[in-house]
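Biologist: I am new to this structure, and I would like to learn how to read its main features. Could you take me through them in turn?

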Amino acid sequence: MTEVNPKVSPEELSNERPLKISKTLQEEGDFCEEEEEKEAVDKSMRPGLQRYLVAVEYIGTRFCGSQQQLNHRTVVGVLQEAFHKFIGQPVTICLSSRTDAGVHALSNVCHVDVERVSKRKPGEVLPPHEPAVVRKAVNHFLQKEGDIMLTDVRSVPGDFHARFKAQERMYFYRLLNGPELLSIFEKDRAWHVSEELDLVAMQEACKVLVGHHDFSSFRASGCQSKSPFRTLEELSVLEMVSTPHFPSITEREQNGSNEEGQDSFCNKCKTGLPTGSISNDIMAGDSKSGADLGFGIRRRHRCYVITARSRSFLYHQVRLLVGVIKSVGTGDLKVSDVERILNARSVTAASPMAPARGLYLGHVKYELP
């Protein structure tokens, strides 16, 4: 197992598969959610301050993690700089979920306290900005790099904490399967596995891990959580249509000559199938087939998406789970080995951890006031 160097660039980190993270890097972990039920009430909230709940998406390989680090570009650092430019004074960003370098977010959430002060009359506090104004203004200062964006902003009470009020977190992991070289459009967006994967075996492995367990075998060294017990509400794997995918008229006609057939084709593209039939029915050229697709038309990969849903996760838990599921898919492990690894209660029993670049924080659920 290798140590992560905090001074390594995001590009270098995206190609690593670290298993052991030193305790000094715990704050920059993927997801070490503490089991604290305390109410995170900010006693320092003063009149004029407005707390906003902010949803943000970003490309993880462009950042050295989410938590602020000196002399390194991070999600929190970039957001705080953008807010500072907007309101003219420093702010503190509090994230719901921490992510490592290379881990993407379709929707991470943070809260921030903003005081609107008059630029014409210094010291005069004005009514808070509307959430839409905050979103538009901050995105203006984020647009240059094009790798991070605010997707939603809500006004919330001053005691609403993005981390401790979260009821559920959902992660997705993308596996692209096939012997062909990975498309440049998929660079750092998925884990490329060249060996054939057994979807049914991976689905059976997921069933073993769903529920309330001691996940010590799926807990990276350095995790500061008080308990290794977690409840996985969902752990599933489905085959989805690989993206980008632009089916031609001929392709659509081959998969359904009538309107009903074409609707069925579109539904498959949107929802995926629980079996391994997508690549044969829809994808241009099965990876197993030697058929000539025509000059310049590349063979696409099978795309498997692993979904993990829970109130909170241990440090590197999802990536360790994916490592075992992938090993079952390649045949390096059997489904019966998954229960053995779980019961071992030691991270040394698990397979190598999946790389960060295939992991996406998909959604953080709240009961909004």
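The dialogue below goes from the whole chain to the core, then to a single residue and a pocket.

Biologist: Where should I begin, and how many helices and strands does the protein hold?

Modeller: Keep in mind that this is a predicted model, and begin with the overall make-up, which comes to 9 helices and 10 strands. Of the 369 residues of the protein, 52% count as buried, and the accessible surface comes to about 18,000 Å², with 50% of that area belonging to carbon and sulfur atoms. Among contacts between residues at least 6 apart in sequence, 74% join residues at least 24 apart.

Biologist: Which residues have the most contacts inside the largest nonpolar core?

Modeller: The general idea is that nonpolar side chains in soluble globular proteins tend to be buried together. In this structure the largest nonpolar core has 79 residues, and those with the most contacts inside it are L79, F83, I148, L209 and F218. Helix α2, residues 75-87, provides the largest share of this core, with 8 residues. If you leave out residues up to four places away in sequence, L79 touches V56, I93, C110, L142, I148 and L150.

Biologist: Now a single residue: is V328 buried or exposed?

Modeller: A residue counts as buried when its relative accessible area is under 20%. V328 has a relative accessible area of 4%, and therefore V328 is buried. V328 lies in helix α8, which spans residues 317-330.

Biologist: Which residues does V328 touch, not counting those up to four places away in sequence?

Modeller: With that exclusion, V328 touches A201, M202, A205, L333, K334, V335 and V338. To see how sequence and space can tell separate stories, take the pair V328 and A201, which are 127 residues apart in sequence and 6.5 Å apart in space, C-alpha to C-alpha.

Biologist: Finally, what is the volume of the largest pocket, and which residues are closest to its centre?

Modeller: The largest pocket has a volume of about 320 Å³. It is lined by 18 residues, of which E57, Y58, I59, A105 and L106 are the closest to its centre. To read a lining, ask which elements supply it: here β1 (49-58), β3 (104-115), α3 (131-142), β4 (148-156) and β5 (168-177) each supply at least two residues, and β3 gives the most, with 3 residues.

Biologist: How do the residues of that lining divide into nonpolar, polar and charged?

Modeller: The lining of the largest pocket has 10 nonpolar, 4 polar and 4 charged residues.

Terms used:
Residues are numbered from 1 along each chain as its sequence is written. This is a predicted model: local features need pLDDT of at least 70, side-chain atom pairs count only at pLDDT 80 or more; totals for chains, interfaces and linings use all residues. Side-chain values use heavy atoms; hydrogens and water are left out. On a 1 Å grid over the protein atoms alone, a cavity is a set of points where a 1.4 Å probe fits but cannot get out, and a pocket is an open set with protein on both sides within 12 Å along at least five of seven lines; lining residues have an atom within 4 Å of a point. Grid points are joined across faces, edges and corners, and a volume is the space filled by probe spheres set on the points. Helices (H or I, at least four residues) and strands (E, at least two) are DSSP runs, numbered from the N terminus. Ala, Val, Leu, Ile, Met, Phe, Trp, Tyr, Cys and Pro count as nonpolar, Asp, Glu, Lys and Arg as charged, and the others, Gly among them, as polar. Buried means under 20% relative accessible area, exposed over 50%, partly exposed in between (1.4 Å probe, protein chains only). Contact means heavy atoms within 4.5 Å. A nonpolar core is a set of buried Ala, Val, Leu, Ile, Met, Phe, Trp, Tyr and Cys residues joined through side-chain atoms within 4.5 Å. Accessible areas come from the Shrake-Rupley method with a 1.4 Å probe; for residues, only the protein chains shown count as cover.
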